[in-house]
Amino acid sequence: MSTRIAFLKGHGTENDFVIVPDPENTVDLSPAAVAALCDRRAGIGGDGVLHVVRSAAHPEARAMAAEAEWFMDYRNGDGSVAEMCGNGVRVFARYLQHAGHVTEGDLAIATRGGVKTVHLAKDGDVTVGMGRARLPEGDVTVSVGERGWPARNVNMGNPHAVAFVDDLSDAGTLYSAPPFSPASAYPDGVNVEFVVDRGPRHVAMRVHERGSGETRSCGTGACAVAVAAARREGADPAVTGSPVTYTVDLPGGTLVITERPDGEIEMTGPAVIVAEGEIDAEWLENAVR
């Protein structure tokens, strides 16, 4: 490991990330190292790490290298590996633009949830093709304290349980993961969204992200919420033949989610690079001991 490791810090609707550029996949990012980097008091601080690797250099992405030059090796703040992160993809794309690897327009990014299409607009917003939602069968319930709510099971490449509540305060502190049942619905844990209505095709949400706790925003969660809201309102585009768009307010900002009749979902929102510097490799080695 080199004496210094380059990093950047970025966020998408205040879902923030430590970005580690590593084109040839030479930096060993163990779970402990990721957790140390994401520590908001003793590290840099972030909801997760965006490890930037060329697809051809990563064993999990080589099969996608012909479609996408770059692989988003995403890790949650606790060091666990995640399939996808919608806000992370936007920030990842902004980094590639910042570093001069891409320009405005369309590009493809490989993730563990498949290859995602991205558009970098001149106005600064980033649109990500998030793929199609899967809606597993079966009833799911989430709870906070003594209260429970039915939840819609939505998979956006990662699992979500979407519960509509009367007030966002019903979610409690979200310091710990809300219990859910049945346990078999989410054997590897789940992201839980609590949602309220704000107006026609307009909702607000809070989220507990698996492996990170409550975050200021969750892109895949916003997509899951829009899908659940459309089904609740009888606005399934596959049935109506018309696209449906929801504005989703999160603590960190606003995302616009559109689901098309073919099932494809697009998410549009901001992505910002706020700082860059170097990590002391000796500090990182000591932090993981």
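This is a short talk on the overall build of one protein chain and on two of its residues, R210 and A33.

Hi everyone. One thing up front: what you have on screen is a predicted model.

Let's start with the whole chain. What is it built from, in helices and strands? The chain has 5 helices and 18 strands. Its radius of gyration is 18 Å, and the globule rule gives 19 Å for 289 residues, so the chain is as compact as a globular protein of that length. If you lay the C-alpha trace along its principal axes, you get spans of about 55 × 40 × 30 Å.

Now, inside and outside. Of the 289 residues, 52% count as buried. The accessible surface adds up to about 12300 Å², and carbon and sulfur atoms hold 48% of that. As for charges, there are 25 positive and 40 negative ones, and the mean positions of those two sets lie 1 Å apart. And if you take the contacts with a separation of 6 or more, 61% of them are between residues 24 or more positions apart.

Okay, let's zoom in on R210. You'll find R210 in the loop between β13, which is 202–209, and β14, which is 213–215. So is R210 buried or exposed? R210 counts as buried, because its relative accessibility is 17% and the cut-off for buried is under 20%. Which side chain does R210 make a polar contact with? That would be E83, at 2.8 Å. E83 also turns up among the residues R210 touches beyond four places away in sequence, and the others are N76, N158, P159, D188, G189, V190 and N191.

Next stop, A33. This residue sits in helix α1, residues 31–38. A33 counts as buried too, because its relative accessibility is 3%, against that cut-off of under 20%. What does A33 touch, once you leave aside its neighbours within four places in sequence? The answer is L284 and V288. Here's a nice one to find on screen: the C-alpha atoms of A33 and R289 are 9.4 Å apart, although 256 residues separate them along the chain.

A33 has company in its helix, since the buried residues of α1 also include V34, A36, L37 and C38. And what covers those buried residues? The cover includes the strands β2 (15–21), β3 (48–54), β4 (70–76) and β18 (272–280), plus the helix α5 (281–287). L284, which we just met as a contact of A33, falls within the range of α5.

That's my tour, thanks for listening.

Definitions and conventions: Residues are numbered from 1 along each chain as its sequence is written. This is a predicted model: local features need pLDDT of at least 70, side-chain atom pairs count only at pLDDT 80 or more; totals for chains, interfaces and linings use all residues. Side-chain values use heavy atoms; hydrogens and water are left out. Helices (H or I, at least four residues) and strands (E, at least two) are DSSP runs, numbered from the N terminus. The radius of gyration is taken over C-alpha atoms; the globule rule is 2.2 Å times the number of residues to the power 0.38. Buried means under 20% relative accessible area, exposed over 50%, partly exposed in between (1.4 Å probe, protein chains only). Contact means heavy atoms within 4.5 Å. Accessible areas come from the Shrake-Rupley method with a 1.4 Å probe; for residues, only the protein chains shown count as cover. Lys and Arg count as positive and Asp and Glu as negative; His and the chain ends are not counted. The place of a charge is taken as NZ of Lys, CZ of Arg, CG of Asp or CD of Glu. A polar contact is a pair of N or O atoms within 3.5 Å; within protein, one must be able to donate a hydrogen and the other to accept it, and residues adjacent in sequence count only if both atoms are side-chain atoms.
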